[in-house]
Amino acid sequence: MTCLEAREFLAEYAVDGLDPAERRRVEHHLESCPGCGKEMEELREGAAAMALDLPATGVPDGLEEKVVAAVGHESRRKWLRRRRSARVLVAAAAVAALLSAGAIGGALAMRGQVSNLQQQVHTTKVTLEQVQSIVQALANNAVVYRTELNPLPGRRGDQGGTGILFTAPNRADWIFIQVTVARPVDGPYRVLLVQKDGTRIEAGELEPAGRNQFVLFSTKGANLFGDDPSQISRVVVLDPAGKPLLEGSVKAAPPSGP
Amino acid sequence: MARLVAGDQEAVRTLYARFGPPVYALGMRMLGSSESAEELTQDVFVAAWRKGSAFDASRGRLSTWLMAIAHNVAVDRLRHEHGPSRPPLVFVGDPPEAAPVIEEEHLIGRETARRALLDVSPDERRLLVRAYLQGWTAREIARADGIPLGTVKTRLRTALIKMRAAQVSHARTVARAGGDAE
């Protein structure tokens, strides 16, 4: 929008007469144009003069207290939201730290300190139990779902995985999956979340975290799992050919202390 | 303003003492009931508290900023409650009569506005009342009056400039007399 175009709309903008799309276009222009901004401010002063010079009407008794209480209520709500957000961030940091620990576990396995793949799968389960307890302790109103991934029929038995789905409604959804694959092949291993009605949600691709280990840690924000995470019934890991490799049912995790 | 943003009760009371009555009066005029005007007043001060950190005194007056919030909230409520077919709009037959001078004197009572309106033509007066106090859009006014949209926009701009000029002139007069202009 040019200055010429913007100025055609400024008077209507000053009296809130634009539709939302026009309003956004004008505001976008005003952000970068001090000249039009000054003109708009002057027109708004004219508009405000209309309001300020309305004849006084009796203000009801008690309105001041209602206003003070309303601002106080919002102020407290904001404080609580900040506090909850801080706890979620701390939980995220804990998950990230333990994810590193999980990767270290994989590295140890490669050095022969974990004797076989089956034991490596067990190690990742222990790591995830630690993550779960910390997340639950730190994030109020959050729900944690767990899954144990087992090989599908016809697949090697010494591979598997485990994971957690964390959801703080409308604030943050995370998925954290660790998988041990016996003979990895090139190409992306993908994770699907399957809802009770069969709808599939792409959760992301597993990243290599060791010779046989793969990790998915997705924190794409709120509602990654759709509107109702409790509708997710299964987690499926697809191999690079797109065929199911591992599968696990999803269950709400019982509370566990730190 | 920093104290308001911090939720300081005294800052809220100070702001309310200054602007609570005109915000409530605007709510009464635009929304038509004491209940709606009270809700509007509460919403406006909560919005001011939320947006307080964005207020820049070097770019505009506190009164302009706060009344702009109030008007915006009131217009949103008008359009939400009545939608595109809100009752005051009449698109068939003759356009609504211009508000008589007596009514406008009732609407805009103080010296500043009276003086300003002396310079504002009858068409511009009616336009200001419809656009600002009744929440009509320029397009709606053009359709109702059967005049080009561009003419409505030009008249609205001219009327706002005249209102501001009168406000500035009045503020200077008050300042010279040793009063508080803002």
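Before we look at anything, one definition: helices (H or I, at least four residues) and strands (E, at least two) are runs assigned by DSSP, numbered from the N terminus. With that in hand, here is a starting residue: B:Met67 sits in helix 4 of chain B.

A word on where this comes from. This is a predicted model, in which local features need pLDDT of at least 70 and side-chain atom pairs count only at pLDDT 80 or more, while totals for chains, interfaces and linings use all residues. Residues are numbered from 1 along each chain as its sequence is written, and chains are lettered from A and ligands numbered from 1 in the order in which they are written.

Back to our residue. Is B:Met67 buried or exposed? We call a residue buried if 20 or more other C-beta atoms lie within 10 Å of its own, exposed if 12 or fewer, and partly exposed in between, with C-beta atoms placed from the backbone. B:Met67 has 24 other C-beta atoms within 10 Å, so B:Met67 is buried. And what is B:Met67 in contact with, leaving aside neighbours within four places in sequence? Contact here means that the C-beta atoms of two residues, placed from the backbone, lie within 7 Å. The partners are A:Ala48, A:Ala51, A:Leu52 and B:Pro22. In addition, the C-alpha atoms of B:Met67 and B:Leu26 are separated by 8.9 Å, though these residues are 41 apart along the chain.

That brings us to the place where the two chains touch. Chain B puts in 52 residues and chain A 36 residues. On the chain B side, several helices give two or more residues, including helix 3 (34-51), helix 4 (62-82) and helix 9 (149-176). Helix 2 of chain B gives the most, with 12 residues. By class, the chain B side has 27 nonpolar, 16 polar and 9 charged residues. For those classes, Ala, Val, Leu, Ile, Met, Phe, Trp, Tyr, Cys and Pro count as nonpolar, Asp, Glu, Lys and Arg as charged, and the others, Gly among them, as polar.

Now the inside. A nonpolar core is a set of buried Ala, Val, Leu, Ile, Met, Phe, Trp, Tyr and Cys residues joined through C-beta atoms within 7 Å. The largest one has 64 residues, and those with the most contacts inside it are A:Leu10, A:Ala14, B:Phe45, B:Ala70, B:Ala131 and B:Leu156. Helix 2 of chain B gives the most to this core, with 11 residues. Take B:Ala131 as an example: beyond four places in sequence, its contacts are A:Val15, A:Gly17, B:Trp136, B:Ala138, B:Ile141 and B:Leu156. Apart from the largest core lies another, of 29 residues, among them A:Phe176, A:Ile177, A:Leu193 and A:Leu246.

Let's turn to chain A. Chain A has 5 helices and 9 strands, and 38% of its 258 residues count as buried. In helix 1 of chain A, the buried residues include A:Phe9, A:Leu10 and A:Tyr13. How far apart are the end C-alpha atoms of this helix? The expected span is 1.5 Å times one less than the number of residues; for the 12 residues of helix 1 of chain A that should be 16 Å, and the ends are 16 Å apart, which agrees. Helix 1 of chain A is followed by A:Asp16, which has a positive phi of about 55° although it is not a glycine. A:Asp16 is buried, with 21 other C-beta atoms within 10 Å.

On to the strands, where two strands pair if DSSP finds at least two bridges between them. Strand 4 of chain A pairs with strand 5 of chain A in the antiparallel sense over 5 bridges, and also with strand 8 of chain A, antiparallel over 6 bridges. A:Leu193 has A:Val235 as its bridge partner in strand 8 of chain A. Strands 4 and 5 of chain A form a hairpin with 4 residues between them, and A:Gly198 in the turn has a positive phi of about 95°.

Finally, confidence. pLDDT is the predictor's confidence in each residue, from 0 to 100. Chain B averages 78, and 75% of its residues score at least 70. Which elements of chain B have the lowest and the highest mean pLDDT? Helix 5 of chain B is lowest at 45, and helix 3 of chain B highest at 92. Over residues 85-109 of chain B, pLDDT stays under 50. Where pLDDT is low, the predicted coordinates should not be read in detail. For the complex, the predictor gives an ipTM of 0.79 and a pTM of 0.57.
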